[in-house]
Amino acid sequence: MLTNKKILLAVTGSIAAYKIPSLVRLLVKGGAEVKVIMTPASKSFVSPLTLSTLSKNPVLADIAEDDSWANHVMLGRWADIFVIAPLSCNSLGKMANGLCDNLLQAVYLSATCPVVVAPAMDEDMWKHPSTKSNLQKLSAYGNLIIPVESGELASGLTGEGRMAEPETIVEWIMDFLKKKDELKGKKALVTAGPTYESIDPVRFIGNHSSGKMGIAVANELVSRGADVTLVLGPSTIKVNDVIKTIRVKSAADMLNACLTEFAGKDITVMSAAVADYTPVTIAEEKIKKTAGTLSVELKKTTDILKELGSRKTKDQLLVGFALETNNEKAYALKKLESKHADMIVLNSLNDSGAGFGYDTNKVTIFDKKGKEYSFDTKTKQEVAADIVNTIIQYKDENK
Ligand code: CTP
């Protein structure tokens, strides 16, 4: 339930605003105190009188009246959560780029509470690269995104871009507020991305890992209240500013960063695709092309997960990943045991939509007590939530 929860709700200029009276009603019925901010454009779609009546609070619209101003800083501090629904392309663009020409933007820029957006737009706008990159920016700022739905759109077309239904938004908020302190006070370490092993000053051996899965796990741990350190190999994905990110290049750099950071971490999730081999020597000058073949001699890198597994105390929980193409379960269980992990997250390259580069993944988790948890193909953020839920469940069951 939402009893005594303080919800600040901003409405922007989108046809989906017609659903906001229902959303306000559901939130108030659930016991929340709701204050509504409206952008000028939103008033063409829904009336301030309706929203002030349903929220039982005056609607806030202007930064300043003739003789007073709305305290945008205090609004962000008052709220347990700031919800922007529907989020139009225009407001999204302003939020992503720090513009501040209305009350919503001023509150957004000063908000210290969690911010969640429910975008709404027509499919073609939704698919535009600027929309994607603006949403990525919001994620990097630590904002949360309630996924859009597919269906009939205002244009008459059918496709992706519909705002989540009010019931879905309410459920999302309830779930978020319930979970946001689950890992409060806990420290977590996550590794993500590939490693690059230099051959000479211009070349390296790498792999196709994007870092998406590990970054999603780091975000999820943050959303549960954990203090997160991320050791990230070369990745182009923007990372939430509240995550302490240590950028590394090679497997050796990643090992050093992990050895420094591991002590005192309650939860460690090793999702990086670490190189198993690295060149024996790195040529000082660029290797010149010659006739015939070229061999590069490789030596084994240190297995970081195994190294941390040998150092972990009984209060530390260690989670590894296993990426397999065959004999998946057997190999995953072998890694769980030989690396002294508490859990191993298996993803198989045989599952469609799973593995490097995809926005989705399909995992099975094995814990060292013999339990197995299977999940469907989901977005990497949803998979991250499943992983963190399983970690919390395991911790509860094995106190
Ligand atoms: N790992 C690690 N350090 C390495 C290699 C792997 O920490 N040098 C970790 C990965 O982050 C992952 C787990 O070990 O959590 C399993 O990685 P994976 O590549 O699936 O297995 P490997 O142990 O490298 O074995 P193989 O490549 O033979 O399957």
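The following legends describe close-up views of a predicted model.

**View 1. Packing of helices α10 and α11.** Helix α10 spans residues 251-262, and helix α11 spans residues 304-311. The axes of these helices come within 10 Å and cross at roughly 20 degrees. Since angles under 35 degrees count as roughly parallel, α10 is described as roughly parallel to α11. The crossing of α10 with α11 is right-handed. On the α10 side, the contact involves Ala 251, Met 254, Leu 255, Cys 258, Leu 259 and Phe 262. These residues meet Ile 304, Glu 307, Leu 308 and Arg 311 of α11. Sorted by class, the contact of α10 with α11 comprises 8 nonpolar and 2 charged residues, with no polar residue.

**View 2. Packing of helices α1 and α8.** Helix α1, residues 20-29, packs with α8 at an angle of about 40 degrees, and the two axes are 9 Å apart. The orientation of α1 and α8 is therefore oblique. Their crossing is right-handed. Helix α1 contributes Ser 22, Leu 23, Leu 26 and Leu 27 to the contact, while α8 contributes Pro 166, Glu 167, Ile 169, Val 170 and Ile 173. By class, the contact of α1 with α8 contains 7 nonpolar residues, 1 polar residue and 1 charged residue.

**View 3. The aromatic pair Trp 172 and Phe 176.** A search of the whole structure finds 2 aromatic pairs. In the pair shown here, the ring centres of Trp 172 and Phe 176 are 5.4 Å apart and the planes lie at 10 degrees, so the pair is stacked. Both residues belong to helix α8, residues 166-179; because they are 4 residues apart in this helix, about one helical turn separates them. Trp 172 is partly exposed, with a relative accessible area of 22%. Phe 176, by contrast, is buried, with a relative accessible area of 10%.

**View 4. The aromatic pair Tyr 196 and Phe 204.** The rings of Tyr 196 and Phe 204 are stacked, at 3.7 Å centre to centre and with 10 degrees between the planes. Tyr 196 is partly exposed, with a relative accessible area of 25%. Phe 204 is also partly exposed, and its relative accessible area is 42%.

**View 5. Surroundings of Ser 250.** Ser 250 lies in the loop between β12 (244-247) and α10. This serine is buried, with a relative accessible area of 14%. Leaving out residues up to four places away in sequence, Ser 250 touches Thr 195, Tyr 196 and Glu 197. Tyr 196 is a member of the stacked pair in View 4. Computed along the sequence, Ser 250 and Trp 172 are 78 residues apart, and their C-alpha atoms are 39 Å apart in space.

**View 6. Surroundings of Asn 134 in helix α7.** Asn 134 is part of helix α7, which covers residues 129-140. It is buried, with a relative accessible area of 12%. Beyond residues up to four places away in sequence, Asn 134 touches Leu 92, Gly 93, Ala 96 and Asn 97.

**View 7. Surroundings of Ala 332 in helix α12.** Ala 332 is located in helix α12, residues 328-338. With a relative accessible area of 0%, Ala 332 is buried. Its contacts, apart from neighbours within four places in sequence, are Ala 322, Glu 324, Ile 344, Leu 346 and Phe 366. The C-alpha atoms of Ala 332 and Met 343 are separated by 9.7 Å, and these residues are 11 positions apart along the chain.

**View 8. Backbone geometry at Asn 327 and His 340.** Asn 327 occupies the loop between β16 (317-324) and α12. Its phi is near 45 degrees, a positive value in a residue other than glycine. Asn 327 is partly exposed, with a relative accessible area of 49%. His 340 is found in the loop between α12 and β17 (343-348). Although His 340 is not a glycine, it has a positive phi of about 55 degrees. His 340 is partly exposed, with a relative accessible area of 44%.

**View 9. The cis peptide bond from Ala 85 to Pro 86.** The peptide bond joining Ala 85 to Pro 86 is cis, and its omega is near -10 degrees. Pro 86 lies in strand β3, residues 81-87.

Terms used
Residues numbered from 1 in each chain as written. Predicted model: local features only at pLDDT ≥ 70, side-chain atom pairs only at ≥ 80, totals over all residues. Heavy atoms only, no water. Axes fitted to C-alpha atoms, helices over the stretch in contact; angles between N-to-C directions. Helix = DSSP H or I, 4+ residues; strand = E, 2+ residues; numbered from the N terminus. Parallel < 35°, antiparallel > 145°, perpendicular 65-115°, else oblique. Left-handed = near helix turned anticlockwise from the far one by under 90°. Contact = heavy atoms within 4.5 Å. Nonpolar A, V, L, I, M, F, W, Y, C, P; charged D, E, K, R; others polar. Phe/Tyr/Trp six-rings, centres within 6.5 Å; stacked < 30°, edge-to-face > 60°. Buried < 20%, exposed > 50% of the residue type's maximum accessible area, 1.4 Å probe, protein only.
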